[in-house]
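Student: I am new to this structure and would love a close look at a single part of it. Could you walk me through one helix and what follows it?

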Amino acid sequence: MTEGRRKRQAALKAAHGALYTEVSRLVREADPIRLISKGTPDDEYDPEASTILPRLREAKSPDDVQRIVHEEFVHWFTAKIAGPAEEYADVSKKIWEARKKFFVST
């Protein structure tokens, strides 16, 4: 991980605290492209969480979160590796619920 990316993640963690931790945990547990199950480090999806998190304010529904999460995985891994958006439905619903706890307006 580059120094710039580390600084960005640290800033996001500082700004969003528990929500960053929760989004990172939810994505890691969902393991949408099965990296954790193959033995990669637990923080493997932190870069994706770092780009998902700032976009959550634009989400107005779980479907919006699903679109955002899928778009970020396509950005980071390509459409072929990311797979179809439908595979992100469950984790997106969980992220939506976490988002509602941290953002006043939904």
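Tutor: Happy to! One definition comes first: a residue is buried when its relative accessible area is under 20%, exposed when that area is over 50%, and partly exposed in between. Please also keep in mind that this is a predicted model.

Let's look at helix 2, which runs over residues 18–30 and so has 13 residues by the DSSP assignment. From its first C-alpha to its last it reaches 18 Å, close to the 18 Å expected at 1.5 Å a residue.

Now see which way its residues face. Leu19, Tyr20, Val23, Ser24, Leu26 and Val27 are the buried residues of helix 2. They sit on the same side of helix 2, because they cover an arc of only 165° around the axis. Turn to the other side of the helix and you will find Thr21 and Glu29, which are exposed.

Helix 2 also holds a pair of charged side chains. Glu22 and Arg25 meet there in a salt bridge, at 2.6 Å from N to O. Both residues belong to helix 2 and are 3 residues apart, about one turn of the helix. With a relative accessibility of 23%, Glu22 counts as partly exposed. Arg25, at 27%, is partly exposed too.

What comes just after the helix? There, Asp31 takes a positive phi of about 45°. This is worth a pause, because most residues other than glycine have a negative phi. Asp31 is not a glycine, yet its phi is positive. Asp31 lies in the loop between helix 2 and helix 3, the latter covering residues 46–52. Its relative accessibility is 9%, so Asp31 counts as buried.

Follow that loop and you meet Arg34, which also lies between helix 2 and helix 3. Arg34 has a positive phi of about 60° although it is not a glycine. Unlike the buried Asp31, Arg34 is partly exposed, with a relative accessible area of 48%.

To place the helix 2 pair in a wider setting, the count for the model comes to 8 salt bridges. Another of them joins Glu72 and Arg55, whose closest N and O atoms are 2.9 Å apart. Glu72 lies in helix 4 (residues 62–77) and Arg55 in the loop between helix 3 and helix 4, so this pair ties together parts that are 17 residues apart in sequence. Both Glu72 and Arg55 are buried, whereas Glu22 back in helix 2 is partly exposed.

Methods
Residues numbered from 1 in each chain as written. Predicted model: local features only at pLDDT ≥ 70, side-chain atom pairs only at ≥ 80, totals over all residues. Heavy atoms only, no water. Helix = DSSP H or I, 4+ residues; strand = E, 2+ residues; numbered from the N terminus. Expected span 1.5 Å × (residues − 1). Buried < 20%, exposed > 50% of the residue type's maximum accessible area, 1.4 Å probe, protein only. Arc of directions from axis to C-beta. Salt bridge = Lys/Arg side-chain N within 4 Å of Asp/Glu carboxyl O.
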